[in-house]
Each structure stands twice: as C-alpha cells, then as structure tokens.
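Please take me through this model in the viewer, one selection after another, and tell me what is found at each stop.

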Amino acid sequence: MKQTIRTLLAKHGNLPVAIDSVGDGADLYDAGLSSFASVQVMLALEEEFDIEFPEQFLNRKSFSSVEAIEAALSEILKEQAA
Amino acid sequence: MTAASKITALGLTERAKRAAKIAAGFADKVDIEGRFPSEGMEALKAERLMGIMIRPEFGGEGVNLTEIADICAILGQACAATAMTYAMHQIQIASLADYAVGSSWHEAFQKRICDEQLLIASATSEAGIGGNLRNSICAIEVDGETARLTKDATVISYGAHADAIMVTSRRHPDAAHSDQVATVFLKDQYTLEQTSVWDTLGMRGTCSDGYILKAEAPGEQILPRPFAEIAAQSMLAVSHLLWGALWYGIAADALARAQSFVKGAARKSPGQMPPGALRLAEASSLLQLVKANVVAGLKQFDTCKGDSDALNAMSFSVAMNNVKIGTSQTILTIINHCMLICGIAGYKNGTPFSLGRHLRDAHSAQLMISNDRILGNTSTMLLVNKQDTSLLG
Ligand SMILES: Cc1cc2nc3c(=O)[nH]c(=O)nc-3n(C[C@H](O)[C@H](O)[C@H](O)COP(=O)(O)OP(=O)(O)OC[C@H]3O[C@@H](n4cnc5c(N)ncnc54)[C@H](O)[C@@H]3O)c2cc1C
C-alpha cells in the first residue's frame, strides 16, 4: 500500500523534491506538499481504492506523512469491509 | 486601586465605546491625510485594550475572540483604519497566545505587551508571492544563537508605528516554500527601508507601506510551532472573523446614516413614505445576514478552539472562508444601497450622510487576501469535502 501511496504522491503531489527522498514518517507539508496537491492525491486515492474519505479524515493530520495516509486508508478500507 | 486597574474594572464594551468616540472624531482627517490613526490607537491604549486576549498570568484579561470581534465592530462604526489596525494587532496576539505556549521569551513578551500596551504588526505578503501567506521566498538563517532575515515585504500595515513585527519566512535556506516559521522582531531589532507608498482608495490610515525589512534577533524569538499550523488553526480564521466584524461595523454605520436620512425625509412630509424607505428595509435585511454570518463563524470558532482536529478539519476552513467571502461582498451591496438612499448627500463629502469613506474602505475587503484566491482554495476543498446540511451543526 505504501508503494501505491508513493506512486500517487509522485504523480499528483507536485513536491519540489523526489518522493523517494522523503521518509515514511517525514512531514509531507514540510517537504512542500500544498493543500491543493493534497486534495489531488486524495482524489487519486479515492479513485484507486474505490473509497470516499469520510469527514473525520478530511484534515491536515491524515495527510501529514506516507504513514499517516496509510493509517487512514487502512481504517477506511476496514470500515468498508465490515 | 491603580489607574490601570480602575479602567479594567469597567466593561469592555464601555471602554471600547469611549475609544471609538475619540477615533470617530478623527476618522475623516485620518482618511484625507492618509495618516496613522494615532488618536484612536492612543485611546485604545489608554483603555488598556491592547493585551486583553492574553492570559491573566501574563498580564492580560483572557477575553475570547467574540469579545474582541465586538470591539472591532464598535471601532468599525467609528474609524475603519483604527478598527483594522486593532484587528490586525489582535490577529498577531491570537497566534502568540496560543502557539508560543511554554516559550519563555514569548511569555515575557506577552507580559510586556500588556504592561506597555505594545502594538504588533505583521509581514506575510512578499514580493513574488503576493497575498499567499502560506508561501515564502525569504528564509531565516540561524547562526548559533542569532537569527537573521531579510524580507521584501510588499505591505506592512502601520509598519513605521509598530513596536514589533511578526514576520513569516521559510524555516531555513533549503526549506520548501511552504515550510515556514513566524518570528517576532522588536523595533530595535529591525530596519525598514521604504519601497512603496500606501496611497490607496480606502483604508488609508492603515499606512500599509512596503518595506525591505532587515532583522536580526536571538533565535528564541522564532515561534515554536510551525507556521502551517498557526495559519490553518488560528491566523486565517481569526483574520476572517475579526475583519468580518469590523466590515460589519462599516456597513452598520452606513445604514445608520441612511436611516437618519430616511427619517429626516419622513419628518418633512408626514404621511408619505420617503422613496428610500424600501431600500432601507432591504439593506437592513442584508446587514442582518452579515451579522449572522460573523456571529455563526465566531460561535463555530469558539466550539472548535483548543481542539486541533476540529480546527484542522476542511469543513472548518470552508466555513471560515465563506464568512470572508460573504461579508466582504455583501457590505458593498449594503453601502451602495445606502448611497442610493442618501443620494447626493451621501455622495458628497462633509455632510452627516457622507458615505464615500465607507464605500472606499469597504472595497479593500474583497482584495485583502483576494476573494478569487480564497474561492480557489475553497473550490479545491469542495472536491472532497462534504456539505454540512444540518441547520444547527
Ligand atoms: C488594508 C490592507 C492592509 C494590509 N495589511 C497587510 C499587512 O499588514 N501585512 C501583510 O503582510 N499584508 C497586508 N495586506 C496585504 C494582504 O494581506 C494581501 O497580501 C493583499 O491584499 C493581496 O495582494 P495582491 O492582490 O497584490 O496579491 P494576490 O493575492 O497575489 O492577488 C493578485 C491578483 O491575482 C489574483 N490571484 C492570485 N492568486 C490567485 C489564485 N490562487 N486564484 C485566483 N486568483 C488569484 C487575484 O485575484 C488578484 O487579482 C493588507 C491589505 C490591505 C487591503
């Protein structure tokens, strides 16, 4: 899942640095992720996993790092399966 | 009882109204001369209103944003330049009070703001970046204990009159444009080389000249929290709410003038409804919309305050952006209605019904952080954000 997140970040994140140079726990906003780009990544993830981000994940924290995105996605997918 | 404690024993509204009365007496002069509203600002200091949002342990009165907004609305009815200067100062205080907790330098500074009634300015706008406050070109350089910064600041309101300036920059010279910090520099820690003159249609008394700011100070004056967090959770919301409150004040005063015009006409021809009366009713309904918009925003801010998840939620940003868009557009319609009601007496300067200053001041609202820019941000969020369709939620 991390790899998919990274691929979509590379495609839609519009980061000024290569995504490979950003660690899983590193702050994506500090690395230059804009709020516009974070929404684009969110849309791409919704398309990829056929989900919709619920209200409680529509905040900065859920998108602050690769790990945070993974945690949010796992929770959403778990909810959906239940 | 000291003189200061005698004043603070009085109600905030009473103190604000006394300061507003003084500011109102100079509003036209401040506007014509494009000069700092020193009488209004001195009156606010005499009423000890500069540091009231600061916690009591640092010398403030711990008042909430709604009370500050009420003061801004009172001042907005008297002199928009005084009101805007006061609002912008309080925006800086809100960031300091909530996002420099535990930093001994900033806590001591808050105490000084209260004791000495200091005035704090802000430098976020930068040449090459325009009004996007979440982006900086300039970077602060920390060398041992010392932090150095040069910023081409296109607009620093009352820069020449401030006791300190809060400046945004990149965190370090290699940081991304959005990886910012805010730093407080005291008057004797910076130089301002003026690069532009604030000769504008309205808000002339804010003296928002452009400067090259060169500053050097101990690194501990950098706010401990990232600016991204301060902007998202405090600065944008507080700006939109306090600005909305003072813009409401400008429109409310315009409506009061139009109402007394209609009343005067009604007195002259009893039994006949003056031609502007229907328009006045319409303007009054619009003014109520503006008020409701600001009050609902303040209530939402109050509910979310201290809860970083709630303040970071997209729905919160959308709501605050909507307060700004709604108020800044509607006040122009209201003042224009008032102008039509008062006719030439409103168009002319120097009558009791003059509305030129109101109209010109109010026009800054849609540019001050451009509405197009804000609508752009909101439309991005609406791609994923879900509309809250409840009436009370
Ligand atoms: C009374 C007053 C006092 C001020 N005081 C201060 C102060 O003390 N400190 C400070 O730092 N700043 C201050 N400002 C500046 C303010 O915060 C903004 O920076 C400024 O009003 C915006 O300037 P701008 O229109 O040149 O720039 P921009 O926001 O860059 O806008 C320029 C133009 O480009 C368009 N545009 C730009 N970006 C976008 C986008 N993303 N989407 C759509 N359209 C876009 C806008 O619609 C506009 O037409 C003050 C402004 C006013 C009116």
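**A tour of the cavities and one helix**

Begin in chain B of this predicted model by selecting B:Ala27, B:Val30, B:Asp31, B:Cys79, B:Ala80, B:Ala81, B:Met203, B:Arg204, B:Gly205, B:Arg357 and B:Asp361, which together line the largest cavity. The volume enclosed there is about 50 Å³, and a search of the whole structure gives three cavities of 30 Å³ or more.

Colour that selection by residue class, and the lining separates into six nonpolar residues, one polar residue and four charged ones. Next, switch to a cartoon and display α2 (12–33), α5 (80–99) and α12 (356–362) of chain B, each of which supplies at least two residues of this lining; the largest share, three residues, belongs to α2(B). If you then colour by domain, you can see why the cavity is placed where it is: domain 1 (7–118) and domain 2 (122–221) of chain B both give residues to the lining, so the largest cavity lies between them.

For the second stop, select B:Gly76, B:Gln77, B:Ala78, B:Ala80, B:Ile250, B:Asp253, B:Arg357, B:His358 and B:Asp361, the residues that line the second largest cavity, whose volume is about 40 Å³. Here the lining divides into three nonpolar, three polar and three charged residues. Among the helices, α7 (227–268) and α12 of chain B each contribute at least two residues to the lining of the second largest cavity, with the largest share, three residues, coming from α12(B). Keep the domain colouring on, since at least three residues of this lining are drawn from each of domain 1 (7–118) and domain 3 (227–382) of chain B.

Finally, leave the cavities and move to helix α3 of chain B, residues 38–46, where B:Gly40, B:Met41, B:Ala43 and B:Leu44 are buried. Looking down the axis, you will find that these residues cover an arc of only 155°, which puts them on the same side of α3(B). An α-helix has 3.6 residues a turn, so residues three or four places apart point the same way. Which helices do the buried residues of α3(B) pack against? Show α2, α4 (65–76) and α5 of chain B, for these are the helices that the buried residues of α3(B) pack against.

Before closing the session, step just past the end of α3(B) to B:Arg48, and check its backbone, where phi is positive at about 60°.

Technical notes: Residues are numbered from 1 along each chain as its sequence is written. Chains are lettered from A and ligands numbered from 1 in the order in which they are written. This is a predicted model: local features need pLDDT of at least 70, side-chain atom pairs count only at pLDDT 80 or more; totals for chains, interfaces and linings use all residues. Side-chain values use heavy atoms; hydrogens and water are left out. On a 1 Å grid over the protein atoms alone, a cavity is a set of points where a 1.4 Å probe fits but cannot get out, and a pocket is an open set with protein on both sides within 12 Å along at least five of seven lines; lining residues have an atom within 4 Å of a point. Grid points are joined across faces, edges and corners, and a volume is the space filled by probe spheres set on the points. Helices (H or I, at least four residues) and strands (E, at least two) are DSSP runs, numbered from the N terminus. Ala, Val, Leu, Ile, Met, Phe, Trp, Tyr, Cys and Pro count as nonpolar, Asp, Glu, Lys and Arg as charged, and the others, Gly among them, as polar. Domain bounds come from an automatic or database domain assignment. Buried means under 20% relative accessible area, exposed over 50%, partly exposed in between (1.4 Å probe, protein chains only). The arc is that of the directions from the helix axis to the C-beta atoms. Contact means heavy atoms within 4.5 Å.
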